[in-house]
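Trainee: I have a model open and want to learn how to read it. Can we go through it together, feature by feature?

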Amino acid sequence: MIDSIDHVVLTVSNIDASCDFLSRVLLADVVVSAPGRKAIRFGDQKINLQTLGQELRNNAAIGSGDLCLISSWPLEKIIGHLNAEGIEILEGPVEKSGAKGPIYSIYFNDLDRNLIEVSVYA
């Protein structure tokens, strides 16, 4: 029934600050999807950003996100980029299990303490 994930949503305290951080750290494009709605996009996927209470259909909380993003970069280049951006690596590289098999992952937090995992397939 399901072929892929189109987008996920993160609840953040400040959409503009999160767009700046995520576009700089993940090298993603910022897109405006509707008035007052922003997202970051990479490849065929995007992460929509919302503030607490902006979407009443869910029970979102700031900082409760946990994402795993796949990179084509080697781990050494990812680590170098994160270090250059002043990002504290919480864990990694560590071996984990991805949707298609073994991955090696680096973990860090965004501005709102959402957990971001950047991984490469083994």
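Trainee: Let me start with one residue. In which strand is the place of Ile40?

Mentor: First, a caution: this is a predicted model. Ile40 lies in strand β3, which covers residues 37–42.

Trainee: Is Ile40 buried or exposed?

Mentor: Look at the relative accessible area; under 20% counts as buried. Ile40 has 0%, so it is buried.

Trainee: Which residues is Ile40 in contact with, leaving aside neighbours within four places in sequence?

Mentor: Cys19, Leu22, Leu26, Ala28, Asp29, Val30, Gln45, Lys46 and Ile47. Take Val30 from that list. Val30 and Ile40 are 10 residues apart in sequence, yet their C-alpha atoms are 4.4 Å apart in space.

Trainee: Leu26 is on that list too. What does Leu26 touch, not counting residues up to four places away in sequence?

Mentor: Ile40 again, plus Phe21, Leu69, Phe108, Ile116 and Val118.

Trainee: How do I read a nonpolar core?

Mentor: The general idea: in soluble globular proteins, nonpolar side chains tend to be buried together. Here the largest nonpolar core has 23 residues. Those with the most contacts inside it are Val25, Leu26, Leu49, Leu82, Phe108 and Ile116.

Trainee: Which elements give two or more residues to this core?

Mentor: Both kinds of element take part: helices α1 (15–26) and α2 (75–84), and strands β1 (7–12), β4 (45–51), β5 (66–70), β7 (101–109) and β8 (115–121). The largest share, six residues, comes from α1.

Trainee: Now zoom out. What pattern does the protein follow along the sequence?

Mentor: Read the elements in order: β-α-β-β-β-β-α-β-β-β. The total is two helices and eight strands. Then check the radius of gyration against the globule rule. The protein has 15 Å, close to the 14 Å given for 122 residues, so it is as compact as a globular protein of that length. The C-alpha atoms fill a box of roughly 40 × 40 × 25 Å along the principal axes.

Trainee: What share of the contacts links residues 24 or more positions apart?

Mentor: Count contacts with a separation of 6 or more; 49% of them are between residues that far apart.

Trainee: And burial and surface?

Mentor: Buried residues make up 35% of the 122. The protein exposes about 7,400 Å², with 50% supplied by carbon and sulfur atoms.

Trainee: How far apart are the mean positions of the positive and negative charges?

Mentor: Average each set, then compare. The 10 positive and 16 negative charges have mean positions 5 Å apart.

Notes. Residues numbered from 1 in each chain as written. Predicted model: local features only at pLDDT ≥ 70, side-chain atom pairs only at ≥ 80, totals over all residues. Heavy atoms only, no water. Helix = DSSP H or I, 4+ residues; strand = E, 2+ residues; numbered from the N terminus. Rg over C-alpha atoms; globule rule 2.2 N^0.38 Å. Buried < 20%, exposed > 50% of the residue type's maximum accessible area, 1.4 Å probe, protein only. Contact = heavy atoms within 4.5 Å. Areas by Shrake-Rupley, 256 points an atom, 1.4 Å probe, with all protein chains shown as cover. Lys, Arg positive; Asp, Glu negative; His and termini not counted. Charge placed at Lys NZ, Arg CZ, Asp CG, Glu CD. Core = buried A, V, L, I, M, F, W, Y, C linked by side-chain atoms within 4.5 Å.
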